[in-house]
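I opened my notebook for a look through this model, and these are my entries. I went in with a plain question: what do the helices, the loops and the empty spaces show?

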Amino acid sequence: MAPRIAVGQVVKRKAVIVKPDDTVHRVARILSKNKVGSAVVVKDDEIVGIITDRDILDKIVAKGRDPKTVKVEEVMTENPITIEDDYEVQDAIDKMMDKGIRRLLVTRLGKPIGFVTAADLLAALNTYNTENEEETNEETEVYGICELCGQYGPLYKVYIEGGEKWVCESCKDSLNL
């Protein structure tokens, strides 16, 4: 029986709000200050997009554009996939798999409260499962998206840089863990 854990219980990354006409430079500073990888773009109380550190790298830095002149609305992802905070973790995982995305914007009554990643959701389920098993089997079959290479498949929990990450077997082998 899968645990009933609400997505809202798993949100670790708070929603940082920016405006469509903010410059990418301003957003990069906000992301850096808040130590987060993405921000929610809100206009007139409506969620209109998200902008991630990847967007900034791929669409601005890598192309040699000036982050001080480019507006968020030019590079944001419009109509981001969201999930209400009272849905279950499994619903969120299903939605990510279905849409092929690595982070979900969690909302409460349509207002942004934060993000969850595949790793957050898997860790929540894993914590529950280890609390409810007498003997913990080290090679639990956990499937998901590798946090290093982005491939889908069986995952292994590893500890790097003082934190835990879920990685595929080839990334685990290449880390020599």
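**Entry: helix 4.** I began at the end of helix 4, in what is a predicted model. The residue that follows helix 4 is G100, and its phi is positive, near 65°. Next I looked up which residues of helix 4 (residues 89–99) are buried, and I found V89, A92, I93 and M96. These residues cover an arc of only 100° around the axis, so they sit on the same side of helix 4. I jotted down the reason behind such a pattern: an α-helix has 3.6 residues a turn, so residues three or four places apart point the same way.

**Entry: helix 1.** I then asked myself which residues are buried in helix 1. They are V24, V27, I30 and L31. Their arc around the axis is only 120°, which puts them on the same side of helix 1. I checked what they pack against and got strand 2 (17–18), strand 3, strand 4, helix 2 and helix 3 (72–75). The face turned away from this buried side carries R29, S32 and K33, which are exposed.

**Entry: positive phi outside glycine.** Helix 1 is followed by K35, with a positive phi near 55°. K35 is not a glycine, so I looked at its surroundings too: at 75% relative accessibility, it counts as exposed. K35 belongs to the loop between helix 1 (24–34) and strand 3 (38–43). I noted a second case at L109, a residue other than glycine whose phi is near 50°. L109 is placed in the loop between strand 7 and strand 8. With 76% relative accessibility, L109 is exposed.

**Entry: T107.** I moved on to T107, which lies in strand 7. Is T107 buried or exposed? Its relative accessible area is 3%, and since buried means under 20%, T107 counts as buried. I found a polar contact of 2.7 Å between the side chains of T107 and E84. Leaving aside neighbours within four places in sequence, T107 is in contact with I47, T82, I83, E84, D85, P112 and I113.

**Entry: cavities.** How many cavities of 30 Å³ or more are there? I counted two. The largest cavity has a volume of about 70 Å³. Its lining is made up of I93, M96, M97, A118, L122, Y143, G144 and I145. I was glad to meet I93 and M96 again, since both are on my list of buried residues in helix 4. Helix 4, helix 5 and strand 9 (142–145) each supply at least two residues of this lining. By class, I noted seven nonpolar residues, one polar and no charged.

**Entry: the largest pocket.** I finished with the largest pocket, which has a volume of about 970 Å³. It is lined by 33 residues, and those nearest its centre are D53, R102, R103, T117 and A118. A118 also lines the largest cavity. By class, I wrote down 15 nonpolar, six polar and 12 charged residues for the pocket lining. Which element gives the largest share of that lining? Helix 5 does, with four residues. Among the elements that each supply at least two lining residues are strand 1 (13–14), strand 4 (46–52), helix 2 (53–61) and strand 11 (163–167). Strand 7 (103–108) and strand 8 (111–117) are on that list as well.

Methods: Residues are numbered from 1 along each chain as its sequence is written. This is a predicted model: local features need pLDDT of at least 70, side-chain atom pairs count only at pLDDT 80 or more; totals for chains, interfaces and linings use all residues. Side-chain values use heavy atoms; hydrogens and water are left out. On a 1 Å grid over the protein atoms alone, a cavity is a set of points where a 1.4 Å probe fits but cannot get out, and a pocket is an open set with protein on both sides within 12 Å along at least five of seven lines; lining residues have an atom within 4 Å of a point. Grid points are joined across faces, edges and corners, and a volume is the space filled by probe spheres set on the points. Ala, Val, Leu, Ile, Met, Phe, Trp, Tyr, Cys and Pro count as nonpolar, Asp, Glu, Lys and Arg as charged, and the others, Gly among them, as polar. Buried means under 20% relative accessible area, exposed over 50%, partly exposed in between (1.4 Å probe, protein chains only). The arc is that of the directions from the helix axis to the C-beta atoms. A polar contact is a pair of N or O atoms within 3.5 Å; within protein, one must be able to donate a hydrogen and the other to accept it, and residues adjacent in sequence count only if both atoms are side-chain atoms. Contact means heavy atoms within 4.5 Å.
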